[in-house]
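Me: I've got this model open and I'd like a close look at one part of it. Could you walk me through the sheet and what sits against it?

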Amino acid sequence: MFPLIREKEQVRENPPSAPPVQVVAPFSSQSSSPVPGVKKDPFADLPKPKLEPRMDSNQREVVPGPSIVAGQPPIEESAKPIGPEKRSSKPQRRRGLELLQELFLTDDFLDAGQVAQLLRAFPKVRAALIMLDDGTVLGGDLPENYRASAALPAPALMRAVREFGTSVSSAEVSAFTLLADSPISIFLEGRVCMMVVHEGRGLLPGMRDRFSQITKALDALYDPGDKEG
């Protein structure tokens, strides 16, 4: 057994206390007294440029608009809807062609000559002649025993019959029929006149309205005021 050696107790001084730390409260943006050494506005000392007012053509000052903040898109005016009166209407000749294609159930381009040939495929139709009101023949022909040169005054005759029918019965006359060995029905719409030679004393039901629509479509197709080719 070794003897127990004890360390002699020594008197030690307390360690020196740390110096007090000064705690500064954070600077408040609402405080009127700024922290010493820190500028509230770093650009306050710079000279401010003098901007001249903007003037319009009448020498009146233009009030500047609202400023645009970075990151925000500029305010755009809402687009005004285009009313139906500002939209360009479909050309007259195109409307006439589309109506003819609808009446004959085809997508091919049609003119007066082709329409006259298609009319001959209608029931009891022998021939058809299409002309302008000044006597210009656009297409078609008449049967062999008919004189095509004598048919040129047909538009003037149709106008006289229309005026006569309106004065007598106050009703609009869309066509009239000359009864002969082969009756002739004459249609006039605008500047286009169409003569149809057919069998029987009258046209089949619904054919008169169909021929009137065809004549209207031809009048639109040959509109002289339409510049579309």
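In what order do the elements of the protein run from the N terminus on? Once that's clear, please take me through the sheet strand by strand.

Reply: Happy to. Keep in mind that this is a predicted model. From the N terminus on, the elements run α-α-β-β-α-β-β-β-α, which comes to four helices and five strands.

Start with the sheet. Its five strands make an open sheet, and across it the order is β2-β1-β5-β4-β3, with antiparallel pairing. The edges belong to β2 (137-141) and β3 (175-178), each of which pairs on one side only. On average, neighbouring strands are turned by 15° against each other, direction ignored.

Now walk across from the β2 edge. β2 and β1 run antiparallel and are joined by four bridges. To find the register on your screen, look for Ile-130, whose bridge partner in β2 is Gly-139. The hairpin of these two strands has four residues between them, and Gly-135 there takes a positive phi near 95°.

Next comes the pairing of β1 with β5, again in the antiparallel sense, over seven bridges. Ile-130 is a handy landmark once more, since this residue stands opposite Met-194 in β5. So you can trace a row through Ile-130, with Gly-139 on the β2 side and Met-194 on the β5 side.

β5 deserves a pause. Seven of its seven residues are buried, so the strand is largely enclosed by the rest of the structure. Both of its faces are covered: Val-192, Met-194, Val-196 and His-198 are buried on one side, and Cys-193, Met-195 and Val-197 are buried on the other.

On the far side of β5 you reach β4, joined to β5 by six bridges and running antiparallel to it. Here Ser-185 has Val-196 as its bridge partner in β5. These two strands form a hairpin as well, with two residues between them, and Gly-190 in that turn has a positive phi of about 70°.

The last step takes you to the β3 edge. β3 pairs with β4 (residues 184-189) in the antiparallel sense over four bridges, and Ala-175 stands opposite Phe-187. Against the sheet you'll find helix α3 (residues 154-169), which touches β1 (125-132), β3, β4 and β5 (192-198), and whose direction makes about 85° with that of β4. Helix α4 (residues 207-221) packs on the sheet too, touching β1, β3, β4 and β5, but its direction makes about 45° with that of β4.

α4 has another neighbour to look at, namely α2 (residues 112-119). The axes of these two helices come within 11 Å and cross at roughly 170°. That crossing makes α2 roughly antiparallel to α4. Where they meet, Ala-112, Val-115 and Leu-119 come from α2, and Phe-211, Ile-214 and Leu-218 come from α4. By class, this contact has six nonpolar residues, no polar ones and no charged ones.

That helix pair leads straight into the core. In soluble globular proteins, nonpolar side chains tend to be buried together. Here, the largest nonpolar core has 25 residues, and those with the most contacts inside it are Leu-100, Phe-104, Val-115, Leu-119, Phe-211 and Ile-214. α1 (92-104), α2, β1, β5 and α4 each supply at least two residues of this core. The largest share, six residues, comes from α4.

If you want one residue to click on, try Leu-119. Leaving out residues up to four places away in sequence, Leu-119 touches Phe-104, Val-125, Ala-128, Met-194, Phe-211 and Ile-214. There is also a second, separate core of 14 residues, which includes Leu-129, Ile-184, Cys-193 and Val-197. β5 has already shown you two of those names: Cys-193 and Val-197 are buried on one side of the strand.

Zooming out for some context, 25% of the 229 residues of the protein count as buried. Among contacts between residues at least 6 apart in sequence, 48% join residues at least 24 apart.

One last stop lies past the sheet, in the segment after α4, where you'll find Gly-225. Gly-225 is exposed, with a relative accessible area of 61%. In sequence, Gly-225 and Gln-92 are 133 residues apart, yet their C-alpha atoms are 8.7 Å apart in space.

Notes
Residues numbered from 1 in each chain as written. Predicted model: local features only at pLDDT ≥ 70, side-chain atom pairs only at ≥ 80, totals over all residues. Heavy atoms only, no water. Pairing = 2+ DSSP bridges. Axes fitted to C-alpha atoms, helices over the stretch in contact; angles between N-to-C directions. Contact = heavy atoms within 4.5 Å. Parallel < 35°, antiparallel > 145°, perpendicular 65-115°, else oblique. Nonpolar A, V, L, I, M, F, W, Y, C, P; charged D, E, K, R; others polar. Core = buried A, V, L, I, M, F, W, Y, C linked by side-chain atoms within 4.5 Å. Buried < 20%, exposed > 50% of the residue type's maximum accessible area, 1.4 Å probe, protein only.
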